[in-house]
Amino acid sequence: VQLQASGGGLVQAGESVRLSCAASGGTFSGYVVAWFRQAPGKEREFVALISRSGGLTHADAVKGRFTISRDNAKNTVYLQMNNLKSEDTAVYFCAASRTLISFKENAFGSWGQGTLVTVSS
């Protein structure tokens, strides 16, 4: 499956952004999908995951502010990001896997190209 992430941009602290991850070449409902992010000078980190059955997992750093969801009819997974902080500035990547093995990036075989979110304070 091929992934295309979009929706990033420049926003003010406290504002909201919704990222989209559109899939092609496969039925997205059959995949576990996750969002990762990589801030400047830092390693890529896990943000959120949605299972094939719709189960949700969010990293502690974003819990209560970010929500992952999926629309299988549109073959798209979203990341709603509210109350953004300057430390949320990063390139956001979506990734997919047929099975959930772990939350580490090496467990995901399909990756989108990344979309940059910049939060100014």
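These are my notebook entries on a few things I looked up in this structure, which is a predicted model.

**Entry 1: the disulfide**

I started with the cysteines. How many disulfides does a search of the whole structure find? I found one. The disulfide joins C21 to C94, with 2.2 Å from S to S. I then checked the handedness of the link between C21 and C94: the angle about the S-S bond is 75°, and the link is right-handed. Next I asked where the two cysteines sit in the chain. C21 belongs to strand β3 (residues 17-24) and C94 to strand β9 (residues 90-97), so the pair links distant parts of the chain, 73 residues apart. A reminder to myself: a disulfide is a covalent bond between the sulfur atoms of two cysteines.

Are the two ends buried or exposed? C21 has 0% relative accessibility, and because buried means under 20%, C21 counts as buried. C94 is buried as well, with a relative accessible area of 0%.

**Entry 2: the sheet around β3**

Since C21 sits in β3, I looked up the partners of that strand. Strand β1 (residues 2-6) runs antiparallel to β3, and five bridges join them. In this pairing, Q4 stands opposite A22 of β3. β3 also pairs with strand β8 (residues 76-81), again in the antiparallel sense, over six bridges. Here I noted S20, whose bridge partner in β8 is Y78.

Then I followed the whole sheet. In what order do its four strands come? The order is β1-β3-β8-β7, in an open sheet with antiparallel pairing. β1 and β7 are the edge strands, each pairing on one side only. I also looked at the turn between neighbouring strands of this sheet: on average they are turned by 15° against each other, direction ignored.

**Entry 3: Y92 and its contacts**

I went back to strand β9, where Y92 has its place. Is Y92 buried or exposed? Y92 has 0% relative accessibility and counts as buried. I set aside residues up to four places away in sequence and listed what Y92 touches. Among them are A5, L19, W35, F36 and R37, and also V47, F66, L79 and M81. G114, T115 and V117 are on the list too.

I also looked for a polar partner of the Y92 side chain. A polar atom of that side chain lies 2.6 Å from the backbone oxygen of D88. For a sense of distance, I picked S29, which is 63 residues from Y92 along the chain; their C-alpha atoms are separated by 21 Å.

**Entry 4: strand β11**

What do the side chains do along strand β11 (residues 115-120)? They alternate. T115, V117 and V119 point to one face and are buried, whereas L116, T118 and S120 point to the other face and are not buried. I wrote down the general rule beside this: in a regular strand the side chains alternate between the two faces of the sheet.

I looked up the neighbours of β11 next. Strand β2 (residues 9-12) pairs with β11 in the parallel sense over four bridges, and G9 stands opposite V117. β9 pairs with β11 in the antiparallel sense over three bridges. In that pairing, V91 has L116 of β11 as its bridge partner.

**Entry 5: loops on either side of β8**

My last stop was the loops. N75 lies in the loop between β7 (66-71) and β8. Its phi is near 55°, a positive value in a residue other than glycine. N75 has 19% relative accessibility; it counts as buried because the limit is under 20%.

N83 is found in the loop between β8 and β9. Phi of N83 is near 50°, also a positive value in a residue other than glycine. Is N83 buried or partly exposed? With a relative accessible area of 42%, N83 is partly exposed.

I finished with R65, in the loop between β6 (56-58) and β7. R65 is buried, with a relative accessible area of 8%. Which residues is R65 in contact with, leaving aside its neighbours within four places in sequence? The answer is Q80, M81, N82, N83, L84, K85 and D88. I was pleased to meet two names again: N83 is the loop residue with positive phi, and D88 is the partner of the Y92 side chain through its backbone oxygen.

How values were computed
Residues are numbered from 1 along each chain as its sequence is written. This is a predicted model: local features need pLDDT of at least 70, side-chain atom pairs count only at pLDDT 80 or more; totals for chains, interfaces and linings use all residues. Side-chain values use heavy atoms; hydrogens and water are left out. A disulfide is a pair of cysteine sulfur atoms within 2.5 Å. Buried means under 20% relative accessible area, exposed over 50%, partly exposed in between (1.4 Å probe, protein chains only). Two strands pair if DSSP finds at least two bridges between them. Contact means heavy atoms within 4.5 Å. A polar contact is a pair of N or O atoms within 3.5 Å; within protein, one must be able to donate a hydrogen and the other to accept it, and residues adjacent in sequence count only if both atoms are side-chain atoms. Axes are lines fitted to C-alpha atoms, for helices over the stretch in contact, and angles run from 0 to 180 degrees between N-to-C directions.
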